[in-house]
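Subject: Structure handover

Dear colleague,

I am passing on to you the structure that I have been looking through, with the sequence alongside. Please open it first, and then read the notes underneath.

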Amino acid sequence: MDSRLRAALLAPLLLAWLAAADLDVYVDDALSSGWQNWSWGTTINTAATDLKEGISSLSVTSDAWSALSLMNPSGYSTYKGLQFDFAGDPSAVQLYFQGTTDNAQSANIPLTAFPGITSTKFTTVVVDFSALAPTGTPLGSGAWDRLNFQALANGATYHLDNVKFLTSITIEPLFLSAEPIGNDLIAVTTQGNVDLTTVKVKLNNASVSISNTTTYSPIDAPAKTITYFTLSKSFASGSLVITAGTNTTFTYTLPAVRYGTINVPNVKAISPYIYGVNWPTSATYIQHLGVTMSRWGGNAVTPYNPFGDFTNAGNDWYFENRANDAGKADDWLAWVAGAGSKTMMTVPALDWVAKDATSYSFPKTVFPNQKAFDPYKPDAGNGLLPNGSFVSPAPDPKLVYTQWNTTLAKKWLSALVHKPDIVNIDNEIEIASSTHYDMHPNPVSFDEELARVVNFSIVAKEALPNVKVAAPSTCSWWFYWTSAVGLSDNAAHSNMDFLPWFLQQMKAKETSLGKRLLDYLDIHYYFQPDTSANDAAAKALRLRMTQSLWNTSYVDESWIATSNYNSQPNNKAVWLIPRMQQLINQYYPGTKLSIGEWASTADGDITGGLVTADCLGIFGRYGVDSATYWATPDEKGPIGLAYWLYRGYGTYFGANSVQVNMAENIEGIFGFYAGVESGKVSLVWINKNTVPMAFYISNIPTGKYFMRHFGGASGNAKWQTTTTFKDNTYTVIPAYTALFMKQV
């Protein structure tokens, strides 16, 4: 055969083979052709031999929040998934995808979502673009061209090998989980085309027939499927065995019940504004999660210049000016309010705001001896010397900022077309000498903070007569009681702790001016116990530390229990909400309580979602007036699911908190919240334990309930169904599960 003819005949076959080939990223010794190293804060060795498959592996060491970042201009949008071999601590790394031309970014994918990963050997991981772990949502369309393995808060060291994008993924039919939930439901999750008729149930060795089945796929995770099997009889303590398919068995020991009661006539109103977040992403985000309060906050709002929509990142990112990520405040207020959320906007209250979108405070050309420089803007430093102290003296603020004062603030606020419901007077300015050292290098004292709050509150209320003011937006437990000046500041103010003194002074200002300047005592609360290891012990600690919000007997499992620098009663315990309410009642009655920032300590972990669900219940029960999560929970991740549980898609937890009494003090492993509205009871059950729990809660009405849940063996997704609650004497909540029920 003529060679030219043979080539012509083979060309289509070769093209078809090339089109179907997987896209290699790394195999041995080097990145594959076309891939560029865009990593930051990361050291890589493409020829590591200490742990390998084949010739070598790719070893990676990343600083906290730094990443192995690989980019290919040709992209990988046409591929079906990603496969790689990984050896390392999965709790230290998350994965996400980016498109550099359209600024697309996927949700973060924690490597803990893939079972079996260890540090001592390689485990093959497959990421299916049609159902990203752990939520099951598709990657979606985008000009995907960048791959990121990001270290979490403690940094990470790990190995990768055989990294490639896949042209196809075969979905094996599997029964993934089957677990008891509620009175009489077996929740079964599956993948692929399984035979549901093979599901059989035995309770205490006796077969139980199935009276009904309902299958559901979440609207935002259509690749995930759950089927609810309604049994012909209710659960009871003992053995439960579920078989499915040819060789799949799920076995549980159903425990003895724990007792409690609800007292529906004894109710207390829940503030609707406790279901808030900082920086919601869109109107649909607000509506899907039922967000009731949206906050424009954080370190970057302190230098926000509303006349140019510039800001400065402060010490969060190399003291660099930039265009404001959220755009104009007025526009933000418009779309957030239009989506149905109340608004909380921060008013800068220091002396400077960003003058442009490009300047930065610590250029290498002026300050060459700095600890770190922006990997994307190498001349911009972090203002720290190698020993960790700040460059001194601080730079001239005029190089980066323009002056700000109450006159300019009033001009801005008066011109707003869309009015905020609440304004914060700045954000955590008690630590400005650190976060904004370049423009405020001197520690903020009691007197300075008070003066700034008073002066900017006056102009806010003059410009916006109906606005409420929230302050001082203090960052943490330490600064509730003292200032960056130190305890000498307390001594100069009759040895009073800061927040009591602040409330006392704001009441005195109302008396002297004849009008209230402070409507909300606003604090930020971050749990102090160290849960960074994210092992079993850390997760248990994370789940029980929510008691610091209310329990006078819970000694904080952190440095707080050993500190003795404030004069507050019972200061080894936090009991945050009652404590703050007592201070308000003592020093400035009528002031409301806002928690402008709080967080779970583990946004990507199921325990973070359970903590969030627990906190939302606590806020309602104990009378918090407003609360906004920091920062923006992933709608489909554990934190977003907690909001969805209480408020998602227009189905809400009751507006009035119902009294709950439990026979045992089990708050460390279980949370239970009851509400009522228009005669309909709603319940949230949170099993923080690693095994199923069962309850006999008296006075729960029987009948039909709408039910939704997340966590447990079923995983993180918006699972829901309608069920008939036949009997309140035995209700099962699976391990690590939050369950919502509402009468219909």
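The notes below go from the whole chain to its sheets and then to its cores.

Please keep in mind throughout that this is a predicted model. The protein chain contains 13 helices and 42 strands, and its radius of gyration is 28 Å, close to the 27 Å that the globule rule gives for 744 residues, so the chain is as compact as a globular protein of that length. Along the principal axes, the C-alpha trace spans about 90 × 75 × 50 Å. Of the 744 residues, 55% are buried, and the accessible surface comes to about 28,900 Å², with 53% of it belonging to carbon and sulfur atoms. Among contacts in the chain with a separation of 6 or more, 72% are between residues 24 or more positions apart.

One open sheet is formed by 9 strands in the order β40-β39-β42-β37-β36-β35-β20-β38-β41, with mixed pairing. Its edges are β40 (715-725) and β41 (731-733), each of which has a single partner strand, so one side of each is left without a neighbour in the sheet. On average, and ignoring direction, neighbouring strands here are turned by 25 degrees against each other. Within this sheet, β35 (residues 656-662) and β36 (residues 670-677) pair in the antiparallel sense over 3 bridges, and V658 has A674 in β36 as its bridge partner. Helix α12 (residues 606-622) packs on the sheet, where the strands it touches include β20, β35 and β36, and its direction makes about 45 degrees with that of β36. Helix α13 (residues 638-647) also packs on the sheet, touching β36, β37, β39, β40 and β42, and its direction makes about 170 degrees with that of β39.

Another open sheet has 4 strands in the order β12-β13-β17-β16, and its pairing is antiparallel. Here β12 (174-181) and β16 (210-216) stand at the edges with a single partner strand each, so one side of each is left without a neighbour in the sheet. Strands β13 (residues 185-191) and β17 (residues 225-231) are joined by 6 bridges, and L185 stands opposite T230 in β17.

As for the cores, the largest nonpolar one has 103 residues, and those with the most contacts inside it are F502, L549, M580, F619 and Y646. Leaving aside residues up to four places away in sequence, L549 touches Y525, F527, W575, L576, I577, P578, C615, I618 and F619. A second, separate core of 36 residues includes V127, L139, F149 and L160.

With best wishes

Terms used:
Residues are numbered from 1 along each chain as its sequence is written. This is a predicted model: local features need pLDDT of at least 70, side-chain atom pairs count only at pLDDT 80 or more; totals for chains, interfaces and linings use all residues. Side-chain values use heavy atoms; hydrogens and water are left out. A nonpolar core is a set of buried Ala, Val, Leu, Ile, Met, Phe, Trp, Tyr and Cys residues joined through side-chain atoms within 4.5 Å. Buried means under 20% relative accessible area, exposed over 50%, partly exposed in between (1.4 Å probe, protein chains only). Contact means heavy atoms within 4.5 Å. Two strands pair if DSSP finds at least two bridges between them. Helices (H or I, at least four residues) and strands (E, at least two) are DSSP runs, numbered from the N terminus. Axes are lines fitted to C-alpha atoms, for helices over the stretch in contact, and angles run from 0 to 180 degrees between N-to-C directions. The radius of gyration is taken over C-alpha atoms; the globule rule is 2.2 Å times the number of residues to the power 0.38. Accessible areas come from the Shrake-Rupley method with a 1.4 Å probe; for residues, only the protein chains shown count as cover.
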